[in-house]
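Me: I've got a structure here that I'd like to talk through. Can you walk me through some of the strands and helices?

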Amino acid sequence: MKKRQGGFAKRSQLRVSTSALLRATIFLLVTVVAIVPAVAQTNYVEKYPIFGTHEGPYSFAEIDKKDYSGITLNAITLAPPVMGGPTILHAKQFEELTGAKINVVAVPLSQLYAKVMTPFLTNIGAYDAIIFPPNWSGDIMGGGYLEPLPEKMLKSAQWGEVIQVYRYLQSWGDKIYGVPIDGDKHFLAYRRDAIDAAKYQPKFKEKYGYDLQPPQTWDEYRDVAEFFNDWDWDGDGEKEYGASEMTQRDAQLFWQFIVRAAPYAQHPEVKGGFFFEVETMTPLINTPGFVQALEDMIEIQKFYPPGGKNFSLSDVIFSFGGGQTALHANWDDGFIQAMEKDSPIRNQVNATMAPGAKKAWNRKTNKWDDFPNINRAPFLAWGGWITGVPKTSENKEAAFDFLGFLSNNANQQKDLTVGRYGVNPYRTNDFSPVFWTEKAGFDPEVAKGYTDALRNTLDHPNRVFDLRIPGNQLYVNALATAVSESLAGNMKPQEALDKAAKEWDKITHRVGFDQQKSAYQEIVNLEGK
Ligand SMILES: [Ca+2]
Ligand SMILES: [Ca+2]
């Protein structure tokens with residue numbers, strides 16, 4: 001528009017004929033008419049950190065029309081940066097647009113469960129919006145504490161674009177309660193300038209007897225971690241290390257262990273459960289596949305960076321994302337952190353599926369089966385944070401508007417490019433390499449590597465779903481405690497996992513055998529679909 005007006009000004013400096021003047025007048029009138037709606041509308045792209053605007057009931061323009069002045073919403077979320085970051089950012093925007101006031105309570109993961117559940121259990125209406133891990137859905141959705149999604153959400157394009165594999169996470173039984181905000185899985189991110197560099201190939205082959213490549217198995221992962229540990233292989237004057245992993249017991253250690261166990265323990269021809277044998281609900285976490293994974297994890301500690309034996313997710317994001325290590329088998333966040341605009345290792349990373357294994361435990365025959373072509377069992381770890389509105393909320397419409405706005409396409413697309421936010425692909429467009437090259441500045445090779453890794457993981461027939469059953473937190477804590485004890489050298493892997501399995505069995509009977517069995521059956525039903 002400015003350009004055209006400039007053209008007009010220049011033209012008016014010339015000696016003008018009547019017809020030129022008339023043309024100019026008409027042009028001016030047309031210009032003015034065209035400008036009016038633009039002036040009346042806020043330019044959200046200039047005002048807010050978004051790539052563009054999107055239409056729909058939760059868009060910036062539609063939410064801007066709402067007047068929620070006098071209304072206060074109480075929201076609970078994880079402490080920043082993961083989830084808390086985007087919640088606080090978009091709460092502030094929602095306040096500006098609608099006049100509502102939003103109190104955001106942001107707490108560490110170790111406190112989130114109690115803070116969310118206590119008001120439910122004591123029947124106090126503490127929150128209008130909650131943001132919680134999907135594995136707590138058995139307690140929260142299954143407990144009947146959430147309001148089902150309004151038709152307005154279910155008819156919106158931002159709901160329609162959620163890919164199928166993540167839709168199940170939003171419901172419990174036959175009702176849909178979750179406003180999608182995230183899509184999670186584990187995959188392998190690695191440093192291209194280490195692993196793809198020709199100069200390190202001969203020495204690696206000499207030492208290990210095979211070509212250096214992005215590790216395809218956990219054994220290869222070990223070798224690559226060892227090879228790139230404790231020396232300055234990127235020439236920046238500082239040492240790098242092998243691998244960043246989540247090792248803090250009361251943070252995300254459970255998921256770091258399960259991604260390792262999956263290809264050893266999920267045999268493609270043995271159905272009926274990964275965490276439990278579903279018919280008897282016998283815990284499988286002390287079977288040889290899991291024991292092997294724990295032995296591997298004890299070994300890999302030698303190739304962690306300083307402090308790496310007590311890393312949370314945030315630590316890992318800044319460790320791998322900050323260029324400290326060669327390998328990162330984890331969620332997207334550390335990889336995206338490495339790919340952010342100001343990152344010194346931007347486009348020096350790439351992605352592929354999580355490592356597999358050349359053997360898998362067959363619990364039908366009670367023996368290891370060999371997989372010379374590698375058994376893959378990618379882990380849909382976590383699955384994605386869920387947002388919902390408690391039934392006790394007195395401002396449900398405003399609360400759903402806030403959650404819809406928080407995850408509208410404009411906010412979501414921008415959030416996808418901020419590693420520490422923990423917002424990851426779950427809508428069809430998010431899997432397009434073009435989005436990542438155009439909006440996030442990825443090299444085409446990295447955009448392809450990333451989106452292929454996501455697709456190959458999510459679509460894999462032997463994928464492992466997370467443990468989404470009531471009392472999830474009890475199982476997570478029991479297993480993480482056992483793994484942690486063994487990593488610290490206090491217990492042998494088998495002994496630690498036997499103890500955890502016994503604990504799991506007790507939890508199942510305490511929470512309710514039949515209920516647990518039917519909840520786990522729902523996950524087993526998703527296998528191979
Ligand atoms: Ca270095
Ligand atoms: Ca996430």
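Me: In the hairpin of S13 and S14, which residue takes a positive phi near 60 degrees?
Reply: First, a heads-up: this is a predicted model, where local features need pLDDT of at least 70, side-chain atom pairs count only at pLDDT 80 or more, and totals for chains, interfaces and linings use all residues. Residues are numbered from 1 along each chain as its sequence is written, while chains are lettered from A and ligands numbered from 1 in the order in which they are written. The hairpin has four residues between its strands (DSSP runs of E, at least two residues, numbered from the N terminus). The one with the positive phi near 60 degrees is Asn-366.

Me: And in S14, what is the bridge partner of Lys-359?
Reply: S13 (residues 357–362) and S14 (residues 367–375) pair in the antiparallel sense over five bridges; pairing takes at least two bridges found by DSSP. In S14, the partner of Lys-359 is Asp-370.

Me: How do H22 and H23 run, roughly parallel or roughly antiparallel?
Reply: Helices here are DSSP runs of H or I, at least four residues. H22 (residues 472–487) and H23 (residues 493–511) pack with their axes 9 Å apart, at an angle of about 165 degrees; axes are lines fitted to C-alpha atoms over the stretch in contact, and angles run from 0 to 180 degrees between N-to-C directions. Over 145 degrees counts as roughly antiparallel and under 35 as roughly parallel. That makes H22, relative to H23, roughly antiparallel.

Me: Which are the edge strands of the open sheet S2-S1-S3-S16-S6?
Reply: Five strands form this sheet, with mixed pairing. Those at the edges pair on one side only: S2 (101–107) and S6 (179–180).

How values were computed: Angles under 35 degrees count as roughly parallel, over 145 as roughly antiparallel, 65 to 115 as roughly perpendicular and the rest as oblique.
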